[in-house]
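These exercises concern charged side chains and how they pair. Work through each task with the sequence and the model at hand.

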Amino acid sequence: MDKDTRNAIERATQRARKLLEEDFAAQLEGDFDVHCDGAVAAKAGAHLSARQAFRRERIVAAIEHKRAAGMNAADAARDYLRDAAFTTLNRFVALKMLEARELVQECITKGEQSAGYREFCGMAPGLPLLPDSTGYRLYIESLFDELSTEVKVLFDRRDPSSVLWPKRTTFEQLLEILNATELARVWGEDETIGWVYQFFNGQDERRKMREESQAPRNSRELAVRNQFFTPRYVVQFLTDNTLGRIWYEMRGTKTVLAERCEYMVRKPGEELALRTKKDPRDLRVLDPACGSGHFLLYAFDLLLAIYEEAWNDPESPKNEATSKTLAEDYPSVDALRKAVPGLVLAHNLHGVDIDPRCAQIAQLALWMRTQKAYRDFGIGRAERPQIRRSNIVVAEPLVADDQIANEFVAKLGDAELGRVFMSLVESLSLAGDLGLLLRVEQLVARQTKRGQTGNLFAPPEDRIRAALERFVREEGSATNTRRRLFAEDAAHGVALLGVAEKKFDVVLMNPPFGDGSTRAKKDFERAYPRTKNDVYAAFVERGIELLSSRGRVGAITSRTGFFLSSFQKWREEILLKQAPPVVFADLGAGVLDSAMVETAAYCLEARS
């Protein structure tokens, strides 16, 4: 996107945020007795209906959950307000993007005159007669419910951040912002949702954070300070020379990726280091600081080609799990194409981030990419399998009062699994500050005195996830909201452990740079003594740890690590000994939009 288009998105995003936050703040205080300074009335007022009182309980439970995570009352209330505004904006941005891709009928471009709503009213003629556009809201919420079966994180109306709905005037102004002529062409672009994510936090907010503290004071500041969009050409350069190059070597150069990967570096007359072939389902790609998922989206495109080549290869190896080749599991190319988008999300692509908002964005972006793949394959909407799984994980502490945690462990019915779970709770205390830098797999193993915890999750995560779902269903009201928040944290904790225990063929990243969170400073410096001077160097060290034999890291970072004396141990003891550079591009300044940093993009290959 050109600068003018990005500026238009930034203006629209900031206007929408201001509009929603002002409306929601007024609702919180005027309707629900929740004040922006964090003061919360002990009981619901008599002015609230039973339904409104239940909604208030959900809001209060969410704010209390944030306070239990260490926020003060005012910060917890403000964070809830941000969550509500962000989720609402993302949902309507998503609907605009889905309209542009014909994945939903026209629903918001013409407001209540949209074709989808008119058709909906044909089935329920009384809807337009309801006051304050209630009928239109019911229609939009029905879309959310339908979409939540596959894009649960963003569209799930049980999420406490979904309680608030914009007043009619606010709603009309929001649609006016999104339907502005200057934005008409952005909704068909995959990048748009990522730019909305970045621009939701304005430059003034970042500047204020830096003026108040040189280092990020908490996980939110660390996330906000490092939200910089990775340009498409950098994404391609790093992915072409990691995933693309690995497949190129597995195929002995005979692959369509030789032409498709336009940035793959091949030296004249080089001797090719051939690799043992793998079934595509056994290739794993990780972005440990995934943001809105740009690396994963491009990797998805390459993987579609990889799967089809492997299916056509009579010498393709068997899959580790099924002990069958792709052609044996999918007897026709049509069967393969119907399955492959779901296979890529379930088996190949993994993303971790400390910002929960990233999960909303990345999961939506990947789901839209699967729908594009189905359409390109000529698979009609009625024939498309539902996408039930993606491996996008939020790294955050598991927050729960002792009563809820003990109740859950008791219901597991497995003392050994319960001990491991409680060790996981303890180990995740700094997950929001360190993300995948937290070696959670080592902490859990040490605390449980077990060499491998993975054996307790066979099949992976299913037992704990099933127990969490049962746990949430058992009670209602505010208790259920607290249980749901606990269950979501726990599911991400188990998933983070699952990622940390895996080995990956490819690690791609645009990691944070500079100082880490002050709250985790001591633990970070103890865990990464050779790379503690900058977070990005530690991310590269950790990425190398997570590689399988001859796996590759692709990263864009500050270029300082390649010449400053303070990075000497990083260069000598980590890069040169463990994963020497195979491709390097000195990009200089002005690459990461507004980031004041000179960058380098490079690929490393693990020695063993």
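**Exercise 1.** Is D313 buried or exposed? Then find its salt-bridge partner and place both residues in the chain.

Solution. The model is a predicted one.
- Step 1: D313 has a relative accessibility of 13%. Buried means under 20%, so D313 counts as buried.
- Step 2: The partner is K277, with the closest N and O atoms 2.6 Å apart.
- Step 3: D313 sits in the loop between α13 (294-312) and α14 (326-329), and K277 in the loop between α12 (257-260) and β1 (285-287). The two are 36 residues apart, and the pair links distant parts of the chain.
- Step 4: K277 is partly exposed, at 27% relative accessible area.

**Exercise 2.** Describe the salt bridge between D79 and R82.

Solution.
- Step 1: The closest N and O atoms of D79 and R82 are 3.1 Å apart.
- Step 2: Both belong to helix α3 (residues 73-100); because they are three residues apart there, about one helical turn separates them.
- Step 3: D79 is buried at 7% relative accessibility, and R82 is buried at 13%.

**Exercise 3.** Which parts of the chain does the pair R168 and E112 tie together?

Solution.
- Step 1: R168 forms a salt bridge with E112, with the closest N and O atoms 4.0 Å apart.
- Step 2: R168 lies in helix α7 (residues 168-178) and E112 in the loop between α3 and α4 (115-123), so the parts tied together are 56 residues apart in sequence.
- Step 3: R168 is partly exposed at 42%, as is E112 at 29%.

**Exercise 4.** How many salt bridges does the structure hold?

Solution. There are 48 salt bridges. R245, E249, E270, R275, R550, R552 and E605 are linked in a network of them.

Key: Residues are numbered from 1 along each chain as its sequence is written. This is a predicted model: local features need pLDDT of at least 70, side-chain atom pairs count only at pLDDT 80 or more; totals for chains, interfaces and linings use all residues. Side-chain values use heavy atoms; hydrogens and water are left out. A salt bridge is a side-chain nitrogen of Lys or Arg within 4 Å of a carboxyl oxygen of Asp or Glu. Helices (H or I, at least four residues) and strands (E, at least two) are DSSP runs, numbered from the N terminus. Buried means under 20% relative accessible area, exposed over 50%, partly exposed in between (1.4 Å probe, protein chains only).
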